[in-house]
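Thanks for making time for this. I would like to walk through a few side-chain contacts and one surface feature, and I suggest we keep the structure on the screen while I talk.

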Amino acid sequence: MCACGWRGAAEYPLDWATIGDQPLYEADVDLTGPLADWNAHLSLVRDKAAPLPEPLAALLVEITEQLTATTADAPLAALRAVGVLERVAARVGREAAGVLCDDGASAETVATGLGTTRSKALVLLLTAQER
């Protein structure tokens, strides 16, 4: 099941007496069916989400690569960069959510566009109103 309310249609019964306390990934359990259902759901969520413009997507990949490389060589610098990104993301996120609020976007529309739950989208929109 997913936070969005989705539940897989198929059931995959487990023998907990055999599994015991071990995690499913360590137990001798075939997870092919549930994982296929989950991946299909995630694919649908991604397909409905607002697409990122290609230059922005490429930039985010580049930032990720640069931060990963910097973490190995200069972890303090990487941590500082992450702090800067968090502040930028928070500010721009409030501005973007504010525009959506001003445009009258519903929590459902925002949730679908972000691939998240209605409650998380509502929190984003309410936070933006405090700007």
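**Charged pairs, an aromatic pair and a surface patch**

Let me begin with Glu108, which is partly exposed, its relative accessible area being 41%. Please bear in mind throughout that this is a predicted model, and that the values I quote are computed from it.

Glu108 takes part in a salt bridge with Arg118, and the closest N and O atoms of that pair are 2.5 Å apart. Since Glu108 sits in helix α5 (residues 107-114) while Arg118 belongs to helix α6 (residues 118-128), the pair ties together parts that are 10 residues apart in sequence. Arg118, for its part, has a relative accessibility of 44% and therefore counts as partly exposed.

As background for this part, side chains of opposite charge can pair when their charged atoms come close.

How many salt bridges does the structure hold? There are two, and besides the one I have just described there is a salt bridge between Arg91 and Glu95, where the closest N and O atoms are 3.2 Å apart. These partners, Arg91 and Glu95, are four residues apart within helix α4 (residues 75-102), which means that about one helical turn separates them. If you look at how open they are to the surroundings, Arg91 is partly exposed at 42% relative accessibility, and Glu95 is also listed as partly exposed, with a value of 42%.

Turning now to the rings, the count of aromatic pairs comes to one. In that pair the ring centres of Trp6 and Trp38 are 5.9 Å apart and the ring planes stand at 55 degrees, so we describe the pair as tilted; for that label, the relevant limits are that planes under 30 degrees apart would count as stacked and those over 60 as edge-to-face. Trp6 lies in the segment before α1 (16-19), whereas Trp38 lies in helix α2 (residues 32-48), so this contact ties together parts that are 32 residues apart in sequence. Are these two rings buried or exposed? Trp6 is partly exposed, with a relative accessible area of 25%, and Trp38, at 30% relative accessibility, is partly exposed as well.

Finally, there is a nonpolar patch on the surface, formed by Leu52, Leu56, Leu59 and Leu60, which together have about 350 Å² of accessible area. Taking one of these residues, Leu60 is placed in helix α3 (residues 54-73), and with a relative accessible area of 40% Leu60 is partly exposed.

Notes. Residues are numbered from 1 along each chain as its sequence is written. This is a predicted model: local features need pLDDT of at least 70, side-chain atom pairs count only at pLDDT 80 or more; totals for chains, interfaces and linings use all residues. Side-chain values use heavy atoms; hydrogens and water are left out. Patches are made of residues with over 30% relative accessible area and no salt bridge: like charges are joined within 9 Å, nonpolar side chains (Val, Leu, Ile, Met, Phe, Trp, Tyr) within 5 Å. Accessible areas come from the Shrake-Rupley method with a 1.4 Å probe; for residues, only the protein chains shown count as cover. A salt bridge is a side-chain nitrogen of Lys or Arg within 4 Å of a carboxyl oxygen of Asp or Glu. Helices (H or I, at least four residues) and strands (E, at least two) are DSSP runs, numbered from the N terminus. Buried means under 20% relative accessible area, exposed over 50%, partly exposed in between (1.4 Å probe, protein chains only). Rings of Phe, Tyr and Trp (its six-membered ring) pair if their centres lie within 6.5 Å; planes under 30 degrees apart count as stacked, over 60 as edge-to-face and the rest as tilted.
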